[in-house]
Amino acid sequence: MNKPNLPQQPPDDKPDFLVGDVVVFIDAFKPDHLMTVHKVQGDGVLLNGNRNFALNHLIRTVSVAELKTGKRFGGVV
């Protein structure tokens, strides 16, 4: 008897961000400057040498254009 071929789901333990990632807030009403991930902590990260904390769902990695200009373009991307 043939067994069904079920897809393997990779474990979801990979963090959203890594130390050194450059990120910005998603919300256009938050500051638009670039921030660097200092430490990953559960569902959030410490930013800019441990001075700020943000939940993962409130930030995103920057685009190449944003990295070149040093600030976020607009709000949600």
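Mentor: Two strands are taken to pair if DSSP finds at least two bridges between them, and in this predicted model S3 and S4 meet that condition, since they pair in the antiparallel sense over four bridges.

Trainee: Before we turn to single pairs, which elements are there in the protein, and what pattern do they follow along the sequence?

Mentor: The protein has five strands and one helix, and along the sequence they are arranged as β-β-β-β-β-α. The chain has 77 residues, of which 26% are buried. Among contacts between residues at least 6 apart in sequence, 40% join residues at least 24 apart.

Trainee: How should I read the sheet, and in what order do the strands lie?

Mentor: The general idea is that strands of a sheet pair through backbone hydrogen bonds, in either a parallel or an antiparallel sense. In this structure the five strands form an open sheet in the order S4-S3-S2-S1-S5, with antiparallel pairing. Strands S4 and S5 lie at the edges, each pairing on one side only, and neighbouring strands are turned against each other by 50 degrees on average, direction ignored.

Trainee: Which residues are bridge partners between S3 and S4?

Mentor: Val-45 has Ala-54 in S4 as its bridge partner, while the partner of Leu-46 in S4 is Phe-53. On the other pairing, strand S2 (residues 35-41) is joined to S3 by four bridges, again antiparallel, and there Lys-39 stands opposite Leu-46.

Trainee: Are the faces of S3 covered or open?

Mentor: Both faces are covered, with Gly-44 and Leu-46 buried on one side and Val-45 and Leu-47 buried on the other.

Trainee: How do I read the backbone where the chain turns from one strand to the next, and which residue of the S3 and S4 hairpin takes a positive phi?

Mentor: As a general guide, most residues other than glycine have a negative phi. In the hairpin of S3 and S4, which has four residues between the strands, Asn-48 takes a positive phi near 50 degrees, although Asn-48 is not a glycine. The hairpin of S2 and S3 has two residues between the strands, and there Gly-42 takes a positive phi near 60 degrees.

Trainee: Is Asn-48 buried or exposed, and why?

Mentor: Asn-48 counts as buried because its relative accessible area is 16%, and the cut-off for that term is under 20%. The residue sits in the loop between strand S3 (44-47) and S4. Apart from neighbours within four places in sequence, Asn-48 is in contact with His-33, Leu-34, Met-35, Thr-36 and His-38.

Trainee: Let us move to the other edge of the sheet: how many bridges join S1 to S5?

Mentor: Three bridges join strand S1 (residues 22-25) to S5, and the two run antiparallel. Within this pairing, Val-24 has Arg-60 in S5 as its bridge partner.

Trainee: How should I read the charged side chains, and what does Arg-60 form with Glu-66?

Mentor: In general, side chains of opposite charge can pair when their charged atoms come close. Arg-60 and Glu-66 form a salt bridge, with the closest N and O atoms 2.7 Å apart, and a search of the whole structure finds one salt bridge. Both of these residues are buried.

Trainee: Which residues does Phe-73 contact, leaving aside its neighbours within four places in sequence?

Mentor: With those neighbours left aside, Phe-73 is in contact with Arg-60, Ala-65 and Glu-66, so long as contact is read as heavy atoms within 4.5 Å. Phe-73 lies in the segment after helix H1 (64-69), and counts as partly exposed because its relative accessibility is 39%. Phe-73 and Val-24 are 49 residues apart in sequence, yet their C-alpha atoms are 9.5 Å apart in space.

Trainee: Finally, how do I read the surface, and which residues form a nonpolar patch?

Mentor: The accessible surface of the protein comes to about 5900 Å², and carbon and sulfur atoms account for 56% of that surface. Phe-53, Leu-55 and Leu-58 form a nonpolar patch on the surface, with about 250 Å² of accessible area together. Leu-58 belongs to the loop between strand S4 (52-55) and strand S5 (59-61), and counts as partly exposed because its relative accessibility is 38%. Phe-53, a member of this patch, is also the bridge partner of Leu-46, a residue that is buried in S3.

Conventions
Residues are numbered from 1 along each chain as its sequence is written. This is a predicted model: local features need pLDDT of at least 70, side-chain atom pairs count only at pLDDT 80 or more; totals for chains, interfaces and linings use all residues. Side-chain values use heavy atoms; hydrogens and water are left out. Patches are made of residues with over 30% relative accessible area and no salt bridge: like charges are joined within 9 Å, nonpolar side chains (Val, Leu, Ile, Met, Phe, Trp, Tyr) within 5 Å. Accessible areas come from the Shrake-Rupley method with a 1.4 Å probe; for residues, only the protein chains shown count as cover. A salt bridge is a side-chain nitrogen of Lys or Arg within 4 Å of a carboxyl oxygen of Asp or Glu. Buried means under 20% relative accessible area, exposed over 50%, partly exposed in between (1.4 Å probe, protein chains only). Axes are lines fitted to C-alpha atoms, for helices over the stretch in contact, and angles run from 0 to 180 degrees between N-to-C directions.
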